[in-house]
Amino acid sequence: MKIFYSLEVFTPHISGVTVSTDRLASYFSSLKDYETYIITASDSGDFLIEKTKKGYSLIKIRSYPSPIGKDTKVSYFAKLNAKKIIDQFQPDLIHLQDPLFISLSLASEAKKRQIPVIMTQHNSLEFPLSYLGFPKFFKNWSTSIVKSYYQTVFHKYCDLIIAPSHFIEEEIKKISPDIPTQVISNGIDLKRIEGVKITEDFLEKYQFKDIVNKPIVLYVGRISQEKNLKTLLKSIPLILKNQEATFLFVGEGKLKEEMIKELEKLSLLERIRFCSVKEPNSDEIYCFYKLATLFVMPSLIEAQSLATMEAMACGLPIVASNKGALPELVKDEENGFLVDGLNPEEMATAVLKIINDSNLQRKFSLKSKEIIASHDINQVYPLLKNIYEESFKNSFKKNRVEEENL
């Protein structure tokens with residue numbers, strides 16, 4: 001079976017969507033009778049086809065600078081390539097990872113050929129509004145525009161919508177009550193994570209030897225406004241009044257420079273470390289989790305949160321916002337604390353409770369591993385495989401019936 005995975009922005013940009021798509025394509029390309037392709041915008045701007053070491057083929061469509069991000073490019077004219085690509089490679093199924101230019105162009109051509117199209121809704125409705133930074137007084141109007149757009153995409157192109165959480169499924173049903181949906185986690189590779197060990201080389205590379213015996217509060221993800229990091233930033237002085245902790249931010253984003261300036265004003269920059277991992281899905285990312293005492297996710301709009309899942313797989317206690325899909329992963333007072341994501345005092349109190357109580361750390365650690373077990377890719381991906389094969393089978397039957405009626 002040939003599968004197309006489509007998304008506008010792929011590596012070297014790192015996000016939960018790019019990481020999840022890379023894992024999906026890698027996994028299914030390793031299976032017998034499966035051939036996978038990722039269709040995305042070219043980071044260089046030029047059309048390119050290459051076979052990756054992970055087994056899947058990467059088709060990069062001609063792209064142009066994005067008006068909302070100088071570091072990303074988008075394929076405004078993807079329609080010019082979509083027909084040619086589908087005719088050349090003849091996919092059996094297309095799995096959209098976003099609702100943007102490339103995905104919609106491929107879906108449009110697929111529908112003409114009766115190729116099944118499914119989509120994973122990776123973002124909540126609040127994400128584009130937070131990412132674009134619209135003023136609050138635009139919220140109702142802009143939310144209705146986003147809902148209308150998604151409704152059109154769902155009904156016009158998709159046979160099935162996959163939701164990574166029940167929170168997202170509920171959002172989908174509010175927009176399109178009659179669209180078929182199924183909740184399937186994005187999944188993580190627990191066996192791989194268990195095998196990762198912190199090495200001397202890792203500690204030396206990031207100059208961590210002076211902090212390994214002190215509490216470490218970790219955040220992994222984009223350093224950007226939609227992640228609500230300003231609340232975490234405000235909680236840092238409150239925590240440091242009571243504990244000699246180090247705060248570790250792993251990721252890149254537009255908010256990083258602003259955060260550094262604010263920390264400098266507060267004379268706290270020496271207690272903060274900013275790091276980035278350039279290679280998506282590298283084992284190195286798990287070393288950061290295994291170094292930490294606890295993990296904090298302040299975002300109010302997570303559709304699932306791959307970073308939180310990885311932290312749990314590494315046995316970390318979690319302090320998370322009580323919004324979005326995070327309460328499906330973090331059970332209050334079982335594997336961490338759910339807090340008001342806009343209340344820095346409440347966030348600081350939760351962090352300090354975990355830092356100051358080693359028994360609580362052990363309890364939360366064990367529960368995190370217990371909860372995350374059901375998200376292992378060996379349980380998740382077979383569910384997706386069944387969907388692929390059932391969708392292909394139904395499409396094949398439909399085409400046969402139509403041929404016989406001609």
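**Sheets, helices and cysteines in a predicted model**

Lys256 is found in helix α10. The structure described here is a predicted model. Lys256 counts as buried because its relative accessible area is 17%, and the cut-off for a buried residue is under 20%. Apart from neighbours within four places in sequence, Lys256 is in contact with Ile223 and Phe274.

Helix α10, residues 256-265, packs against helix α9. The axes of α9 and α10 are 11 Å apart and make an angle of about 20°. That angle makes the two helices, α9 and α10, roughly parallel, because angles under 35 degrees are counted in this way. The crossing of α9 and α10 is right-handed. On the α9 side, the residues that meet α10 are Leu229, Lys230, Leu233 and Ile236. Their counterparts in α10 are Glu258, Met259, Glu262 and Leu263.

Helix α9 also packs against helix α13. Two packed helices are described by the angle between their axes and the distance between the axes. For α9 and α13, the angle is about 55° and the axes are 8 Å apart. The helices α9 and α13 are therefore oblique to each other. Their crossing, that of α9 with α13, is right-handed. In this contact α9 contributes Thr231, Leu232, Lys234, Ser235, Leu238 and Ile239. Helix α13 contributes Pro344, Glu345, Met347, Ala348, Val351 and Leu352.

The next element is a sheet on which these helices lie. Six strands form this open sheet, with parallel pairing, in the order β13-β12-β11-β14-β15-β16. Strands β13 (272-275) and β16 (336-339) are the edge strands, each paired on one side only. On average, neighbouring strands of this sheet are turned by 20° against each other, direction ignored. Helix α9, residues 229-240, packs on the sheet and touches β11, β12, β13 and β14 (294-297). The direction of α9 makes about 160° with that of β12. Helix α13, residues 344-355, lies across β11, β14, β15 (318-321) and β16. Helix α13 runs at about 175° to β16.

Within this sheet, strand β11 (residues 216-220) runs parallel to strand β12 (residues 246-250), and five bridges join the two. Val220 stands opposite Val250 in β12, and the bridge partner of Tyr219 in β12 is Phe249. Strand β11 is largely enclosed by the rest of the structure, because five of its five residues are buried. Both faces of β11 are covered. Ile216, Leu218 and Val220 are buried on one side, and Val217 and Tyr219 are buried on the other.

A further open sheet consists of eight strands in the order β3-β4-β2-β1-β7-β8-β9-β10, and its pairing is mixed. The edge strands of this sheet are β3 (48-51) and β10 (181-183), each of which pairs on one side only. Neighbouring strands of the eight-stranded sheet are turned by 20° against each other on average, direction ignored. Strand β2 (residues 35-41) pairs with strand β4 (residues 57-61) in the parallel sense, over five bridges. The bridge partner of Thr40 in β4 is Lys60.

Two other helices are mostly covered. Helix α12 (residues 306-313) has eight of its eight residues buried. The buried residues of α12 are Leu306, Ala307, Thr308, Met309, Glu310, Ala311, Met312 and Ala313. Gly315 follows α12, and its phi is positive, near 80°. In helix α11 (residues 284-291), six of the eight residues are buried. The buried residues of α11 are Ile285, Tyr286, Cys287, Phe288, Tyr289 and Leu291.

The cysteines were examined last. A disulfide is a covalent bond between the sulfur atoms of two cysteines. A search of the whole structure finds zero disulfides. For Cys287, the closest cysteine sulfur is in Cys314, and the distance of 8.8 Å between the two sulfurs is too far for a bond. The cut-off for a disulfide is a pair of cysteine sulfur atoms within 2.5 Å. Cys287 is buried, with a relative accessible area of 7%. Cys158 is buried, with a relative accessible area of 7%.

Methods: Residues numbered from 1 in each chain as written. Predicted model: local features only at pLDDT ≥ 70, side-chain atom pairs only at ≥ 80, totals over all residues. Heavy atoms only, no water. Pairing = 2+ DSSP bridges. Helix = DSSP H or I, 4+ residues; strand = E, 2+ residues; numbered from the N terminus. Axes fitted to C-alpha atoms, helices over the stretch in contact; angles between N-to-C directions. Contact = heavy atoms within 4.5 Å. Buried < 20%, exposed > 50% of the residue type's maximum accessible area, 1.4 Å probe, protein only. Parallel < 35°, antiparallel > 145°, perpendicular 65-115°, else oblique. Left-handed = near helix turned anticlockwise from the far one by under 90°.
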